[in-house]
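I sat down with this structure and a list of things to look up. These are my notes, in the order I made them.

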Amino acid sequence: MEKTGIIRFGIVGTNFISDWVITGGSQDTRFRAAAVCSRSEETGKTFADKHHIPHIFTSPEEMAASGTIDAVYIASPNALHCPLSLLFMKYGIHVLCEKPLASNLHEADAMMRAARKHKVVLMEAMKPTLTPNFKQVIKNLPRIGKVRNYFSSYCQYSSRYDKFKEGIILNAFRPELSNGALMDIGVYTIYPMVVLFGKPNRIQASGVLLSTGADGCGSVIFEYEDMRAEIIYSKIADSYLPTEIQGEEGTLTLDRINTISTVSYRARGSEAPEDLSLIRDKDEYYYEVAAFIDTIVNDERESAINSLTNSRIVMEVLDEIRRQLGVVYPADL
């Protein structure tokens with residue numbers, strides 16, 4: 001970290017999510033996009049020019065050893081999350097890694113051991129749980145009384161599925177990259193559940209596998225000691241259902257679990273909901289970058305919400321769902 005308090009970020013991956021993270025991160029005065037790494041120098045230069053990034057690399061090893069960055073945002077395919085994170089942490093670089101944190105629990109554990117060994121921050125870039133509206137959910141959860149059910153849906157037809165049906169297999173449906181509907185969007189429904197309620201006691205999953213062995217959609221029932229939870233997710237069909245947390249005294253409703261714009265509370269027997277939504281004064285990606293930087297500058301080892309404990313539980317849950325569905329990645333073998 002520079003003496004000015006600026007955190008110099010390296011960016012691995014030049015896709016649209018990297019664009020969004022830089023846009024949001026730039027609203028924090030401590031954020032500076034200092035370097036980009038792309039397999040193609042031309043692609044890297046185009047990306048660097050767009051975001052005024054001074055350093056371009058085609059090798060992650062060269063960027064890690066360059067001394068030009070304090071932290072790295074990793075937006076590579078899921079199968080590369082672990083090896084890239086281990087590489088950067090070895091050089092004492094803090095890691096903000098896209099969700100899901102790793103391909104499996106074995107990899108996640110290796111990443112967490114490395115973070116502790118090298119005394120760096122490792123955080124999963126699960127943005128919704130760090131936003132003001134999710135914090136409204138946490139704050140108002142006691143109002144609904146004894147929680148009995150959590151339901152969440154994230155079903156979004158992927159344009160990449162059209163290519164899939166044409167016989168063109170893009171990254172989204174390639175098991176060798178540890179991809180599929182669960183890892184791409186299903187995780188959005190699971191992470192908030194774990195933050196709020198912890199590890200479930202029992203998991204029952206079903207889903208549809210595509211010809212590549214990747215999952216296209218699924219549904220999961222979770223059992224807790226005195227409540228249940230249910231999620232549905234899909235990349236091959238759309239849904240417009242909200243997320244609900246149902247208690248004996250009332251219900252909290254969230255419009256979209258991946259981007260929470262509205263939160264409402266309805267007391268049992270009430271005819272009208274109470275709007276709890278907070279108007280965002282920042283880009284939605286600002287909050288995850290700011291939380292990550294806060295953790296670094298406060299000399300903490302992990303985020304309070306997107307903690308290593310929560311990320312580890314989520315990884316355990318993802319592994320069990322994939323086991324029941326029969327989704328196997330090369331990283332598992």
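The entries below cover helix packing, the cores, some backbone oddities and a few single residues.

**Entry 1: before starting**

I reminded myself that this is a predicted model.

**Entry 2: helix 5 against helix 10**

I began with a reminder that two packed helices are described by the angle between their axes and the distance between the axes. For helix 5 (residues 105-118) and helix 10 (residues 308-325), I found axes that come within 9 Å and cross at roughly 165 degrees. Angles over 145 degrees count as roughly antiparallel, so helix 5 and helix 10 are roughly antiparallel to each other. I noted the crossing of these two helices as left-handed.

Which residues meet here? On the helix 5 side I listed Leu 105, Ala 108, Asp 109, Met 112 and Arg 116. On the helix 10 side I wrote down Leu 308, Ser 311, Arg 312, Met 315, Glu 316 and Asp 319. Sorted by class, this contact has five nonpolar, one polar and five charged residues.

**Entry 3: helix 8 against helix 10**

Next I turned to helix 8 and its packing on helix 10. Their axes are 10 Å apart, and the angle is about 130 degrees. Oblique is the label for angles that are neither roughly parallel, roughly antiparallel nor roughly perpendicular, and helix 8 and helix 10 are therefore oblique to each other. The crossing of helix 8 and helix 10 is right-handed.

From helix 8, I noted Leu 182, Met 183, Val 187, Ile 190, Tyr 191, Val 194 and Val 195 in the contact. Their partners in helix 10 include Ile 313, Val 314, Leu 318 and Ile 321. By class, the contact of helix 8 with helix 10 divides into 13 nonpolar, two polar and one charged.

**Entry 4: the cores**

I then looked for nonpolar cores, remembering that in soluble globular proteins, nonpolar side chains tend to be buried together. The largest one has 75 residues. Those with the most contacts inside it are Phe 88, Ile 190, Phe 197, Phe 222, Ile 245 and Ile 321. Helix 8 gives the largest share of this core, 12 residues. A second, separate core has 26 residues, and Ile 7, Val 121, Ala 291 and Phe 292 are among them.

I picked out Phe 88 to see its surroundings. Setting aside neighbours within four places in sequence, Phe 88 touches Val 12, Pro 60, Met 63, Ala 64, Ile 69, Val 72, Ile 74, Ile 93 and Val 95.

**Entry 5: backbone oddities**

My rule of thumb for this entry was that most residues other than glycine have a negative phi, and most peptide bonds are trans. I went looking for exceptions.

Where does Pro 100 sit? I found Pro 100 in the loop between strand 5 (94-98) and helix 5. The peptide bond leading from Lys 99 to Pro 100 is cis, with omega near -15 degrees.

Ser 178 has a positive phi, near 60 degrees. Ser 178 is in the loop between helix 7 and helix 8. Asp 299 also has a positive phi, near 55 degrees, and sits in the loop between helix 9 (286-297) and helix 10.

Are these two buried or exposed? Buried means under 20% relative accessible area, so Ser 178 at 1% is buried. The cut-off for exposed is over 50%, so Asp 299 counts as exposed at 56%.

**Entry 6: three single residues**

Ala 172 is in the loop between helix 7 (159-165) and helix 8 (181-197). Ala 172 has a relative accessible area of 11%, so I marked this residue as buried. Beyond its sequence neighbours within four places, Ala 172 is in contact with Arg 160, Asn 179, Gly 180 and Lys 235. I also checked the spacing to Thr 295, which is 123 residues away along the chain, and the two C-alpha atoms are separated by 31 Å.

Asn 140 belongs to helix 6 (residues 132-140). With a relative accessible area of 7%, Asn 140 is buried. Outside its neighbours within four places, Asn 140 is in contact with Leu 252 and Leu 276.

Ser 264 is part of strand 13 (residues 263-267) and counts as buried at 18%. Leaving out neighbours within four places in sequence, I listed contacts of Ser 264 with Thr 251, Leu 252, Thr 253, Pro 273, Glu 274, Asp 275 and Leu 276. Leu 252 and Leu 276 appear in my notes for Asn 140 as well as for Ser 264.

Technical notes: Residues are numbered from 1 along each chain as its sequence is written. This is a predicted model: local features need pLDDT of at least 70, side-chain atom pairs count only at pLDDT 80 or more; totals for chains, interfaces and linings use all residues. Side-chain values use heavy atoms; hydrogens and water are left out. Helices (H or I, at least four residues) and strands (E, at least two) are DSSP runs, numbered from the N terminus. Buried means under 20% relative accessible area, exposed over 50%, partly exposed in between (1.4 Å probe, protein chains only). Contact means heavy atoms within 4.5 Å. Axes are lines fitted to C-alpha atoms, for helices over the stretch in contact, and angles run from 0 to 180 degrees between N-to-C directions. Angles under 35 degrees count as roughly parallel, over 145 as roughly antiparallel, 65 to 115 as roughly perpendicular and the rest as oblique. A crossing is left-handed if the near helix is turned anticlockwise from the far one by less than a right angle, and right-handed if clockwise. Ala, Val, Leu, Ile, Met, Phe, Trp, Tyr, Cys and Pro count as nonpolar, Asp, Glu, Lys and Arg as charged, and the others, Gly among them, as polar. A nonpolar core is a set of buried Ala, Val, Leu, Ile, Met, Phe, Trp, Tyr and Cys residues joined through side-chain atoms within 4.5 Å.
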